[in-house]
Amino acid sequence: MAWRHDHGARTVFAAFLLVVIYLAGGAEGSTSSSGGGELYYSKLSGIIIPGFASTQLRAWSVLDCPFSPLDFNPLDLVWLDTTKLLSAVNCWLKCMLLNPYNQTDHPECRSRPDSGLSAITELDPGYITGPLSSVWKEWLKWCIEFGIEANAIVAVPYDWRLSASMLEERDLYFHKLKLTFETTLKLRGGPSLVFAHSLGNNVFRYFLEWLKLEIAPKHYIQWLDEHIHAFFAVGAPLLGATEAVKATLSGFTFGLPVAEGTARLLYNSFGSSLWLMPFSKHCKANNIHWNNDLEEMGNYRHTLLCDDIEFQSNYSDWPTDVINIEVPSIKGGNAFLSKPEVFQDVTLNLECSKPTQLTFSAREVSDGTFFKAIEDFDQDSERLLYLLRKYYQGDPVLNPLTPWDRPPLKNVFCIYGIDMKTEVGYYFAPSGKPYPDNWIITDVVYEHEGQEIPSVVSLECLVVMKRYPTTPFPGVNNG
């Protein structure tokens, strides 16, 4: 899901070899999309779309930090400056937190993504912190050693805290990404290789759907053929990632010296907090596009349409229920008045002294059933439901929490790490502590070693496939 070095080395190295084949030498027998002889691979460009938390953020404010000699000035590192995090954590949080309802910055501090390759190489440059926060540095070093030219690699960093629609509304990110493809084509004379990691794959998927609304339908495929030669999906969460669930309930610290409760508050303020949530491959949205402003859309949302198999299969075809959670019981059946009817019968016969364990499938996470069910027990649920309805179910382009269709690109490679445990479910219980530390993980469900689970695209399973237009995209075993 996020910036993780333990599984990244093998994955990036495998992807690097494929990219170098294209950028440095080419593939035997390949021809250009224009249909006139062999494609000159020296003209290709590599465009990197980084993953969650893999882009530096810099301050765009002057913030005086009391009780600390370290203030925030314009262009100072925010993500990630561990020195300021340790010495002025309250100031640092002001520069990182977003308003969960409208995704605006804290009144006292704003942060914006850095630009260029330096924004994605090391998040916290330094003698000690640099190697620990290295993301793309070694990869770029390999490119240089293999003789790849400097202008052949282009990074397109983004503010990974924002939802897809806000990336475009605030930063015009997808307009800029389109311009990047067109500029590299003019600069080098050939199409690009898209190299997306983790959340970057979701960003690229959204870009392809957004592009359909920007380009006349008859020119859409032509534009893709001219500008994109191959798509390398590295660690792509094609059906979501369960670590996103863990982050919303108990926090995800990235190994930083912050409390899990603080990390949870921070993560749940981001519009992107739901972008990696697990979902069912059997449910799709109606994908009706609209041109009106979101504020004028009222309660209208993408309607989720599920196949019959969704309700016949176990766990939305995941290996297990994604969430098993204990909630307090209140005798009389009034504890869950805000919960869906499917749970009301369960609560009518509860005893006061016994907690109730509820289970939720991937579909029930992505459609908001889970957050609605625990709304009486967790104050973040109301905010997360608002984010889900406005920025996902009410997205003007698509509901990102739906299965992928195979992109209409000539070459698609899916690349995953190996030999790592994959988390597919969690057991939560009340911790006895006040919010935001009110939940604790009591158990983690892992994908069984060696077990074949065709429905779930594992983040840790190596898959290198060349896809063609007739091949369905989601699912490891489709190729």
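About 130 Å³ of space lies in the largest cavity of this predicted model. In total, the structure holds 3 cavities of 30 Å³ or more. The lining of the largest cavity consists of 15 residues. Of these, W79, F252, F254, A263 and L266 lie nearest the centre of the cavity. By type, the lining divides into 13 nonpolar residues and 2 polar ones. No charged residue takes part in this lining.

Two helices stand out in the wall of the largest cavity. Helix α3 (89-96) supplies at least two lining residues, and so does helix α12 (260-267). The largest share comes from α12, with 4 residues.

The second largest cavity holds about 60 Å³ of space. Its lining is made up of N202, R205, Y206, P237, L238, W275, F279, L398, P400 and W404. Here 8 of the lining residues are nonpolar, 1 is polar and 1 is charged. The charged residue in this lining is R205, because Arg counts as charged. The polar residue is N202, because Asn falls outside both the nonpolar and the charged groups.

The overall fold gives the setting for these cavities. The protein has 17 helices and 14 strands. It contains 479 residues, of which 56% count as buried. Contacts between residues at least 6 apart in sequence were also examined. Of these contacts, 73% join residues at least 24 apart.

Covalent links between cysteines were examined next. The count comes to 3 disulfides. With the bonded cysteines numbered in sequence order, the pairing runs 1-2, 3-4, 5-6.

One disulfide joins C65 to C91, with an S to S distance of 2.4 Å. This distance falls within the 2.5 Å cut-off, so the pair counts as a disulfide. The pair links distant parts of the chain, 26 residues apart. C65 sits in the loop between β2 (57-59) and β3 (77-79), while C91 belongs to helix α3. The torsion about the S-S bond of C65 and C91 is about -135°, so this disulfide is left-handed. Both C65 and C91 are buried.

Another disulfide is formed by C95 and C109, whose sulfur atoms lie 2.0 Å apart. C95 lies in helix α3 and C109 in the loop between α3 and β4 (111-113), so the pair ties together parts that are 14 residues apart in sequence. The S-S torsion of C95 and C109 is about 95°, so this disulfide is right-handed. C95 and C109 are both buried. Helix α3 thus carries a cysteine of the C65 and C91 pair and a cysteine of the C95 and C109 pair. Helix α3 also contributes to the lining of the largest cavity.

The remaining disulfide pairs C283 with C306, their sulfur atoms 2.0 Å apart. This pair also links distant parts of the chain, 23 residues apart. C283 is in strand β8 (residues 283-285), and C306 is in strand β9 (residues 304-306). The torsion about the S-S bond of C283 and C306 is about 110°, so the disulfide is right-handed. The exposure of the two cysteines was assessed separately. C283 has a relative accessible area of 3%, so C283 is buried. C306 has a relative accessible area of 23%, so C306 is partly exposed. The cut-off for burial is under 20%, and the value for C306 does not meet that limit.

A further cysteine, C414, was also assessed for exposure. At 2% relative accessibility, C414 counts as buried.

Finally, T248 was considered in its surroundings. This threonine is found in helix α11 (residues 243-250). The relative accessibility of T248 is 1%, so T248 counts as buried. A polar atom of the T248 side chain lies 2.8 Å from the backbone oxygen of V245. With residues up to four places away in sequence left out, T248 touches R264, Y267, N268, S273, M277 and L384. Among these partners, R264 and Y267 fall within the residue range of helix α12 (260-267). Helix α12 is also the source of the largest share of the lining of the largest cavity.

Technical notes:
Residues are numbered from 1 along each chain as its sequence is written. This is a predicted model: local features need pLDDT of at least 70, side-chain atom pairs count only at pLDDT 80 or more; totals for chains, interfaces and linings use all residues. Side-chain values use heavy atoms; hydrogens and water are left out. On a 1 Å grid over the protein atoms alone, a cavity is a set of points where a 1.4 Å probe fits but cannot get out, and a pocket is an open set with protein on both sides within 12 Å along at least five of seven lines; lining residues have an atom within 4 Å of a point. Grid points are joined across faces, edges and corners, and a volume is the space filled by probe spheres set on the points. Buried means under 20% relative accessible area, exposed over 50%, partly exposed in between (1.4 Å probe, protein chains only). A polar contact is a pair of N or O atoms within 3.5 Å; within protein, one must be able to donate a hydrogen and the other to accept it, and residues adjacent in sequence count only if both atoms are side-chain atoms. Contact means heavy atoms within 4.5 Å.
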